[in-house]
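Here's a quick briefing to read with the structure open beside you. It goes through a couple of residues first and then the empty spaces.

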Amino acid sequence: MLSLTIVLSGCSSIVLPHQKKRPDFLPEYLFKSKKQKARYFKAYNKTLSLFPVKYEEIDVQTRFGPAHIIVSGPKNGQPLVLLHGMDASSTMWYPNIKAFSKTHRVYAVDYIMDAGKSVLKTDPLNNQEVVLFYSDVFDQLKLKSVDLLGTSRGGWIAAWLAIQPENRIRKLVLMSPAQVFGMVDYKIFPAMWFKMFPSRKSLAKTMKAFATHPEKVHPYFQNQFYIASKFGDSRPQVTKMMPFSKDELEKITVPTLFLSGDNDCMNGDSACEKAKEHVPNITIVKIPDSGHFMNTDQSELVNKEVMKFLN
């Protein structure tokens, strides 16, 4: 098999299998014009200005294209990898990053098939290739053992990585994961409508469906979220995110924290019961007065529970 050796400044080289690249004449996977991309990046950077900690933005090469990562926290801290929700990008962690960065070296990774600054250079990834993408990221960052936190679609990906036979996860946090423990509720319809027909009006309805306190979602982030759906073709691929079977859930053997909101359209009581029954080493915490967007609804409580579990 053909291989490609990629060397990054400050990182050791790794050998990556050659992948079929998208033809140069095709537009980018996510944005169809430079103007749309520039508008999104401007909104992304504006939300990033809300980060109350020192950080750096880096790009590491993978076999599928460059992965963009926001890095913060002490260099000798336990690695904590953050996987964001659909169209949210790594800027969504602005209410949490200060708490997470106190003890951990935090790596917030922009998903390569979603709105953000990572750039897909190949055909869309299947689920096994998603595993390879994050494996490449961990290799380039020289991460041998990580704490992994994922929310919404990022939560599904985090659980998917955790059931792989050779993963590097020390502890796992699933923050209102999408379709890990069952199908999503009909209450997410406003979000699906917004995805198909993005407008400021449908955005407001999505915020109300996903958050008990939509007023806590900063206008900078709401604008970025809107532009991501308006101009970014992230292709949610819901059919590739089916609920996990009993046998699959039993493969999640690392210590796991499952956070569910008491008004969570993604995870109700049945999801908590399934998690308790089939995940061997799980702690379940209900976050009061919160919905799917619990990291903004109840940021202080979420931060406290996450850090208590990880530390």
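Is F41 buried, partly exposed or exposed? This is a predicted model, and in it F41 comes out as partly exposed, because its relative accessible area is 23% and the buried class stops short of 20%. S89, on the other hand, is buried, with a relative accessible area of 0%.

**F41 and its surroundings**

- You'll find F41 in helix α1, which covers residues 34-48.
- Setting aside neighbours within four places in sequence, F41 is in contact with G116 and K117.
- The K117 partner sits 76 residues away from F41 in sequence, yet the two C-alpha atoms are 7.7 Å apart in space.

**S89 and its surroundings**

- S89 belongs to the loop that runs between β5 (78-83) and α2 (97-100).
- Its relative accessible area is 0%, so S89 counts as buried.
- The S89 side chain makes a polar contact with the side chain of T91, at 3.0 Å.
- If you skip residues up to four places away in sequence, S89 touches Y40, Y44, H84, D110, A115, G116 and Q224.
- G116 turns up twice here: it is among the residues S89 touches, and it is also in contact with F41.

**The largest pocket**

- The largest pocket has a volume of about 510 Å³.
- Its lining is made up of 32 residues, and M86, S152, F210, M266 and H292 are the ones nearest the centre.
- Elements giving two or more residues to that lining are β7 (146-152), α5 (189-196), α6 (200-210), α7 (219-231) and α10 (294-297).
- Helix α5 provides the largest share of the lining, with four residues.
- Sorted by class, the lining of the largest pocket has 20 nonpolar, nine polar and three charged residues.

**Cavities**

- Rolling a probe the size of a water molecule over the atoms is how leftover empty space shows up.
- The structure holds four cavities of 30 Å³ or more.
- The second largest cavity has a volume of about 50 Å³.
- Lining the second largest cavity are E28, Y29, L30, I112, M113, D114, S118, V119 and L120.
- By class, that lining has six nonpolar, one polar and two charged residues.

How values were computed
Residues are numbered from 1 along each chain as its sequence is written. This is a predicted model: local features need pLDDT of at least 70, side-chain atom pairs count only at pLDDT 80 or more; totals for chains, interfaces and linings use all residues. Side-chain values use heavy atoms; hydrogens and water are left out. Buried means under 20% relative accessible area, exposed over 50%, partly exposed in between (1.4 Å probe, protein chains only). A polar contact is a pair of N or O atoms within 3.5 Å; within protein, one must be able to donate a hydrogen and the other to accept it, and residues adjacent in sequence count only if both atoms are side-chain atoms. Contact means heavy atoms within 4.5 Å. On a 1 Å grid over the protein atoms alone, a cavity is a set of points where a 1.4 Å probe fits but cannot get out, and a pocket is an open set with protein on both sides within 12 Å along at least five of seven lines; lining residues have an atom within 4 Å of a point. Grid points are joined across faces, edges and corners, and a volume is the space filled by probe spheres set on the points. Ala, Val, Leu, Ile, Met, Phe, Trp, Tyr, Cys and Pro count as nonpolar, Asp, Glu, Lys and Arg as charged, and the others, Gly among them, as polar.
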